[in-house]
Amino acid sequence: MERRYITVVKPLKEHILQVDFVSGSRLFLDMKPYLDKMRFRSLTDPQVWNSALTNGIFVRFGNVELSHDEILSMAEQEQSFR
């Protein structure tokens with residue numbers, strides 16, 4: 001049986017990533033704080049940003065990949081800064 005955690009990803013304006021989970025939860029992850037990092041710099045290109053897709057475990061933007069666990073960790077860090 002293949003595990004799936006993410007059902008849909010949608011890149012929104014202002015570099016907000018909408019992530020819908022199989023549980024029915026929805027997360028809005030602000031990616032702006034990461035765009036100055038070498039790994040995420042290509043996401044500043046609108047074509048790359050808008051290419052987001054998921055296989056249920058990972059989110060991919062061209063050659064940039066985020067795991068389900070990494071997305072949750074980033075969201076947790078975002079909450080601790082508020």
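This passage walks through the predicted model of the chain, from its overall fold down to a handful of individual residues.

Starting with the big picture, the chain is built from two helices and six strands. Read from the N terminus, the elements come in the order β-β-β-α-β-β-β-α. The radius of gyration is 12 Å, close to the 12 Å that the globule rule gives for 82 residues, so the chain is as compact as a globular protein of that length. Laid along the principal axes, the C-alpha atoms take up a box of roughly 35 × 30 × 20 Å.

As for packing, 38% of the 82 residues count as buried. Among contacts with a separation of 6 or more, 41% join residues that sit 24 or more positions apart. On the outside, the accessible surface adds up to about 5,500 Å², and carbon and sulfur atoms account for 54% of that. The charges are even in number, with 11 positive and 11 negative side chains, and the centres of the two sets are 3 Å apart.

What holds the middle of the picture is the largest nonpolar core, which has 21 residues. The residues with the most contacts inside this core are Leu17, Val19, Met31, Phe40, Leu43, Phe61 and Ile71. At least two core residues come from each of strand 1 (6-11), strand 2 (16-21), strand 3 (26-30), strand 5 (58-61), strand 6 (64-67) and helix 2 (68-80). Leu43 is a handy one to click on: leaving out residues up to four places away in sequence, Leu43 touches His15, Met31, Leu35, Val48, Trp49, Phe61 and Val64. Two of these partners, Met31 and Phe61, are also on the list of residues with the most contacts inside the core.

His15, another partner of Leu43, leads to the loop between strand 1 and strand 2. Most residues other than glycine have a negative phi. In this loop, though, His15 has a positive phi, near 60°. Glu14, found in the same loop, also has a positive phi near 60°. Glu14 is exposed, with a relative accessible area of 58%.

Just before that loop, Pro11 belongs to strand 1. Pro11 has a relative accessibility of 18%, and since the cut-off for buried is under 20%, Pro11 counts as buried. Setting aside neighbours within four places in sequence, Pro11 is in contact with Ile16, Leu17, Trp49, Asn50 and Ala52. Of these, Leu17 is among the core residues with the most contacts, and Trp49 is also touched by Leu43. Pro11 and Phe58 are 47 residues apart in sequence, and their C-alpha atoms are 14 Å apart in space.

Further along, Ser25 sits in the loop between strand 2 and strand 3. Ser25 is partly exposed, at 41% relative accessibility. Beyond its neighbours within four places in sequence, Ser25 is in contact with Val19 and Asp20. The C-alpha atoms of Ser25 and Ile6 are separated by 9.6 Å, with their positions 19 residues apart along the chain.

Finally, helix 2 supplies at least two residues to the core, but Glu76, which is found in that helix, is exposed, with a relative accessible area of 63%. The C-alpha atoms of Glu76 and Leu35 are 18 Å apart, for two residues that lie 41 residues apart along the chain. Leu35, for its part, is one of the residues that Leu43 touches.

Conventions: Residues are numbered from 1 along each chain as its sequence is written. This is a predicted model: local features need pLDDT of at least 70, side-chain atom pairs count only at pLDDT 80 or more; totals for chains, interfaces and linings use all residues. Side-chain values use heavy atoms; hydrogens and water are left out. Helices (H or I, at least four residues) and strands (E, at least two) are DSSP runs, numbered from the N terminus. The radius of gyration is taken over C-alpha atoms; the globule rule is 2.2 Å times the number of residues to the power 0.38. Buried means under 20% relative accessible area, exposed over 50%, partly exposed in between (1.4 Å probe, protein chains only). Contact means heavy atoms within 4.5 Å. Accessible areas come from the Shrake-Rupley method with a 1.4 Å probe; for residues, only the protein chains shown count as cover. Lys and Arg count as positive and Asp and Glu as negative; His and the chain ends are not counted. The place of a charge is taken as NZ of Lys, CZ of Arg, CG of Asp or CD of Glu. A nonpolar core is a set of buried Ala, Val, Leu, Ile, Met, Phe, Trp, Tyr and Cys residues joined through side-chain atoms within 4.5 Å.
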